[in-house]
Amino acid sequence: MSSSAPASARPSRVAASERAPRPALTRDRDCLVSGVSAGLARHLGVRVWMVRALFLALAACGGAGILLYAWCWTFTPWAEGEESPSRRMPVAWLLLAPAVVGTLIVVFWQARGGGIDGAVPSDAAAVVVFATVALATGAGLWATLIDRTDTARGPRHTMTLRILSALLLALLFGLLLTSPVGSSGVALVLIPLAGLLAVISSTLIPRWRELAGERVRRIREEQRSEMAAHLHDSVLQTLALIQNRAGASSEAARLARAQERELRAWLYDGDAPADSDLATDLRDYAGGLELDYPVRIDVVSAGLSTERASGELAAAAREAMLNAARHAEGEISVYIEGSATGVDVFVRDRGTGFRLDDVPSDRLGVRESIIGRMRRAGGSGTLRSDENGTEVHLRITTAPRGAAAPYPAGPPQDEPTAQSRREEEGDRG
């Protein structure tokens, strides 16, 4: 009995560890310097100061802590998010401040003894010069390569630090160049020059990255264009021929239309994500209707508009498209026209038509879901129907920049409950 208690305790501890998985090893985008210590502390379940103390202790062991920190910095990914990383500690200024002190020391030595070799021992001069150059170069490189994309600093901060570090290195190079060359040798004079060249050439690295990215994008676009031309000559034409021979109402035409839409979206939309604007939303909705009803819906957009897919105009347009697909069948055209003053949406079908006055009063589809919704949103909705088909015209006025929107962002609060049930039932009226 005594031996069974520890054995039963072990599985409970294992189960507890399985229920609480260890957090992923990532770096926070809002960090002190690089986010390595905070990410490791969260991953290991310890305090941040313990991880930082471990790095400092290992740094005293032949620089192992520095190498470990650099390795973790290189291979630890950022946490998920779209914002640029921001660092609370001004690392570049902390590097530049001792570099200024080192430059002043060199200036003092130069003014006191007529030369560095005559004022101080060569070993001490080499250490001071090398440390000053390393700090000034590190400040310039940090500002150019890291702080340039920091949202809390920006390009002006980068330019200021780059100029200051370059001036310090140029001043140090001039002092050493005018100093008599003694035991320090020519190598001591060339150290500031190498740092100055590194700071100046670092400005070319972002340009090189941009050119490399542009070259990759251009190669992808060329390959996509070649593939699109080949598929247009073969697959897309075959799908179009199937639709023309089978007719818009047949099952084969609907499947061919859906495949053509997906293929064209993959070919011509590129790698850019689809924005949730009005035209994109109605195209996606039209693709879903074509799979459920024997219709063919063409969505055409002209002009520029800031109308979003979450607005009342999109909801009314979707209801008009659904009514046309249920009752008119055949071909349906949706035309979106955006301008600086408003957005117009026309939904046309070639059905038998109907008179709105003949629709029973208890059917609120067109009256409330389309016309009433646009009226409550501050726009207008009109319907024209005859034996040649039906056209629904929806218009919303665009609010001037800085002014309040003419309609609420969400659905109106006074929407009837019975109306939602009738919309799902598919009443034309």
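These are my notebook entries on what I looked up in a predicted model of one protein.

**Ground rules**

I number residues from 1 along each chain as its sequence is written, and I leave hydrogens and water out, since side-chain values use heavy atoms. The model is predicted, and local features need a pLDDT of at least 70, side-chain atom pairs count only at pLDDT 80 or more, and totals for chains, interfaces and linings use all residues.

**Confidence**

I began with pLDDT, the predictor's confidence in each residue on a scale from 0 to 100. The protein averages 76, and 75% of the residues score at least 70. Among the elements, strand β5 (residues 342–349) has the highest mean pLDDT, 90, while helix α15 (residues 417–425) has the lowest, 42. Helices here are DSSP runs of H or I of at least four residues and strands are runs of E of at least two, both numbered from the N terminus.

I then looked up two stretches with pLDDT under 50, counting as a contact any heavy atoms within 4.5 Å. Residues 1–5 stay under 50 and have 0 contacts beyond four places in sequence. Residues 271–275 are also below 50, but this stretch has 5 contacts in the model beyond near neighbours in sequence. Where pLDDT is low, the predicted coordinates should not be read in detail.

**Overall make-up**

I noted 15 helices and 7 strands. Of the 429 residues, 36% count as buried, where buried means under 20% relative accessible area, exposed means over 50%, and partly exposed lies in between, with a 1.4 Å probe and protein chains only. For contacts with a separation of 6 or more, residues 24 or more positions apart account for 69%.

**The sheet**

I traced an open sheet of 5 strands in the order β3-β4-β5-β7-β6, with mixed pairing; two strands pair if DSSP finds at least two bridges between them. The edges are β3 (295–302) and β6 (380–386), each of which pairs on one side only. Neighbouring strands of this sheet are turned by 10° against each other on average, with direction ignored.

Going through the pairs, I found β3 and β4 parallel over 8 bridges, with V300 opposite Y335 in β4. Strand β4 (residues 330–338) pairs with β5 in the antiparallel sense over 7 bridges, and a hairpin of 3 residues joins these two strands. Across the β4 and β5 pairing, I332 stands opposite D349, and S333 has R348 as its bridge partner.

**Helices on the sheet**

For the angles I used axes that are lines fitted to C-alpha atoms, for helices over the stretch in contact, with values from 0 to 180 degrees between N-to-C directions. Helix α12 (residues 278–292) lies across β3, β4 and β5 and runs at about 175° to β3. Helix α13 (residues 312–327) lies across β3, β4, β5 and β7 (389–397), and its direction is at about 5° to β5.

I checked the length of α12 against its expected span, which is 1.5 Å times one less than the number of residues: its 15 residues reach 21 Å from the first C-alpha to the last, close to the expected 21 Å. Its buried residues include L278, L282, A286 and L289, and also the charged-letter positions D281 and E290.

**Helix α8**

The same check on α8 (residues 155–178) gave end C-alpha atoms 35 Å apart for 24 residues, which agrees with the 34 Å that the helix should span. Among the buried residues of α8 are H157, R162, L168, L169, L172, L175 and L176.

**Two loop residues**

I looked up T26, in the loop between α1 (4–19) and β1 (30–31). T26 counts as buried because its relative accessibility is 19%. Leaving aside neighbours within four places in sequence, T26 is in contact with G39, R42, T76, P77, W78 and A79.

S202 is in the loop between α9 (185–201) and α10 (204–246), and at 2% relative accessibility S202 is buried as well. Beyond four places in sequence, S202 touches L141, T144 and L145. The C-alpha atoms of S202 and T144 are separated by 6.8 Å, although these residues are 58 apart along the chain.

**Cysteines**

Lastly, I searched the whole structure for disulfides, meaning pairs of cysteine sulfur atoms within 2.5 Å, and found 0. I also noted that C61 is exposed at a relative accessible area of 52%, whereas C72 is buried at 7%.
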